[in-house]
Amino acid sequence: MAEEREVVLMKGNEAIAHAAIRCGCDGYFGYPITPQSEVIETLAELKPWETTGMKVVQAESELASIYMVYGAAGAGKRAMTSSSSPGVALMQEGITYMAGAEVPGVFVNVQRGGPGLGTIQPSQGDYFQATRGGGNGDYKVIVLAPSSVQEMADFVDLAFELAFKYRNPAMILSDGVIGQMMEKVVLPPYKPRRTDEEVIKQCPWASTGKPKGGRERVVITSLELKPEIMEQRNIALQQKYAKIQENEVRYEEQLMDDAEYAIVAFGSAARIAEKSVELAREQGIKVGLFRPITLFPFPIKEIEALSKKVKGILVAEINAGQMVQDVRLAVNGAVPVEQFGRLGGIVPDPEEIVEALKKVM
Amino acid sequence: MSYLFCIVLTYSYLCTLKLRFNALNNNIMAKMKGAIVVDTERCKGCQLCIIACPQKVIALAGKVNLHGYPYVEATNEEACVGCASCGIVCPDGCITVYRKKMEE
Amino acid sequence: MDRNQIVQPENIVCKKPTLMNDNNMHYCPGCSHGVVHKLIAEVIEEMGMEDKAVGVSPVGCAVFAYNYIDIDWQEAAHGRAPALATGIKRCWPDRLVFTYQGDGDLACIGTCETIHALNRGENIVIIFVNNAIYGMTGGQMAPTTLIGQKTSTCPYGRDPQLHGYPLKMADIAAGLEGTCYVTRQSVESVGAINKAKKALRKAFEASMAGKGSSLVEFVSTCNSGWKLTPAQANEWMKENMFPFYPKGDLKDTTNL
């Protein structure tokens, strides 16, 4: 049977909405905020509750949104939300609760300039918030960084797969460029939503209702007052993160085979850096692009290996210097590592990155 | 004359009704016998059962349980009619109440 | 009659509900939480819904409600229980979904979630244990603390100039379009407990019949926070809380 593969032109935000319906998402709970309101608007227009049965709720705030996701995902359902930087700041408590209670919620951050209310133009200033954890305690969220509308579509199902595989919250860290730009995208084929029986079978840990004469009651909680037990729970979480680090790293390399220098960039900065690599090569500079796709787990080993091949690294990111810290940790002083970024919602030109690269050389 | 006779007849009938009602009442009270079993390790000695009991069945036992709470016991169980007021108001569900109809 | 003849299983007229397990509850002696827990356990069992019930516990004294009633539970962040319940009920429409919240959880940090979940008419029951104080954290003022009432953060008595006025959440809820049943009950006497149980049953039935949201407020005591004995606390509640938070149905469009 031939798979139906539709090629359409749409915004990154719209692709998230379409992909959510097609990957069997059970519920979307969100709140409008620029530059990602198209996600809930598209869902509202497509009315998936009439076709696949997926629920779409406009919540009263980002705070309520993340907790609606927590409730539905804690009951084993594929639940997601989306927001932008200030809204995701509001969600941090819910995210740490999900991490502590091991609830597989999925959320999307279409980043904008900050700090505070900031601006509505794009930025990559939430790298720390995403990878260091903006909430309290020792936890990690699986972070996928798309750099195209195609990846926005593909990463929704991937985020759910990883979230449920590890019973951990997972996020798609996008930005206003990817969210708003229009590109050709091959939408994923429809996958039916799991039936209630399938959910109960696949998620015995979820609060689906304690069967009469069956298993013990399920309690989805992040609370544990006995320190000895809480330490064990935390150790188990750390072991889980180590496993994710070992198994789920994703990245992309372009023109690295003969590269003497490397640009490391993610998301929309990587798209711009692709052009920068092209321009630099025209000027005779042998540079390649290393693009982390997972920001947690960060491609530590791969960047360490890369640092043994090149003479210098430029980290191009649209912030004041966040991912550069992780690159420096991986490089461990082997070669110079510099950072270039623009702030305040300004998106850099490819030529600016080439100039910055020349300063590294 | 017949009017007076009617009044006397009515009054006598009403008196028998009252007597019958009293007898019935006493029989109901006499017919139910209750007993309580207190889970003393669950009891926290809040004494709300003592206040709720209409028959003064329950009192503090003068002892404490393993958690350090003084617990209650039925010190006057003869008077218990199994109304279950104690069990209903108990915040910890400590009291199991039994009730049985007495055979004459 | 011999006592042994009376104490037989067939003669039981009152016992700990089956859905309450053997864990000793951590609540203070005489706390209303215990009675409300019993009613929830009894009603769920009588409805035969123990395999379909999902409770959402709060932050507050009742955070450990999930340790006592033998159904599935989720622990919510402070005030967010109605949002969790919304997520659960929307994705599992045939489940009996309820929240269990205190006055800080529901009427302070969670006011927004409470009002919006109720107003959206989510088919859930919000159970509100209102004892006009923050018990778990040591007796601070709550949004439902009465004028003149003394707590650790208003030691000279609640003063409107400094602290504003107490909030009547049930009245607000009754004015919302999405609610179908809003009631105030109490659990200090057998009569009150019997009425409260019927109210709780009605609310649960209404949520399963898709009639909308319900708020069941239990005007309650906190003898530790109020620094009274359990018996004194009941009296104080009757004298002071009942006149300000009057009992009865504020709204009933359930036709049940």
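Helix axes that meet at angles under 35 degrees count as roughly parallel. That cut-off is a handy place to begin with this predicted model, since a pair of helices in chain A can be read against it directly.

The two helices are α1 (residues 12-22) and α7 (residues 149-166) of chain A, whose axes come within 8 Å and cross at roughly 30°. α1(A) and α7(A) are therefore roughly parallel to each other, and the handedness of their crossing is right-handed. On the α1(A) side, the contact is formed by Gly12(A), Ala15(A), Ile16(A), His18(A), Ala19(A) and Ala20(A). Facing them from α7(A) are Val149(A), Met152(A), Ala153(A), Val156(A) and Asp157(A). By residue class, this helix contact is made up of eight nonpolar residues, two polar ones and one charged one.

Stepping back to the whole of chain A, two domains can be told apart: domain 1 spans 6-187, and domain 2 spans 253-360. Their C-alpha centres are 26 Å apart. The two domains of chain A also touch, with 25 residues of domain 1 in contact with 20 residues of domain 2. On the domain 1 side, the elements that contribute two or more residues are α6 (127-133), β6 (142-144), β7 (170-175) and α8 (176-180) of chain A. Of these, α6(A) provides the largest share, four residues. The domain 1 side of this contact comprises 13 nonpolar, nine polar and three charged residues.

Attention now turns from chain A to the meeting of chains B and C. Here 29 residues of chain C and 28 residues of chain B take part in the contact. Several elements of chain C supply at least two residues each to the side that touches chain B, namely α1 (3-6), β1 (12-14), α2 (32-46), α8 (190-208) and α10 (230-244). The element that gives the most is α2(C), with four residues. In terms of residue class, the chain C side holds 17 nonpolar, eight polar and four charged residues.

Strand pairing also links these two chains. Strand β4 of chain B, residues 95-101, pairs with β1(C) in the antiparallel sense, over two bridges. A reader who would like to find this pairing in the structure can look for Tyr98(B), whose bridge partner in β1(C) is Ile12(C). The strand β1(C) thus appears twice in this account: it pairs with β4 of chain B, and it is among the elements that supply at least two residues to the side of chain C that touches chain B.

Note on methods: Residues are numbered from 1 along each chain as its sequence is written. Chains are lettered from A and ligands numbered from 1 in the order in which they are written. This is a predicted model: local features need pLDDT of at least 70, side-chain atom pairs count only at pLDDT 80 or more; totals for chains, interfaces and linings use all residues. Domain bounds come from an automatic or database domain assignment. Two residues are in contact if their C-beta atoms, placed from the backbone, lie within 7 Å. Ala, Val, Leu, Ile, Met, Phe, Trp, Tyr, Cys and Pro count as nonpolar, Asp, Glu, Lys and Arg as charged, and the others, Gly among them, as polar. Axes are lines fitted to C-alpha atoms, for helices over the stretch in contact, and angles run from 0 to 180 degrees between N-to-C directions. Angles under 35 degrees count as roughly parallel, over 145 as roughly antiparallel, 65 to 115 as roughly perpendicular and the rest as oblique. A crossing is left-handed if the near helix is turned anticlockwise from the far one by less than a right angle, and right-handed if clockwise. Two strands pair if DSSP finds at least two bridges between them.
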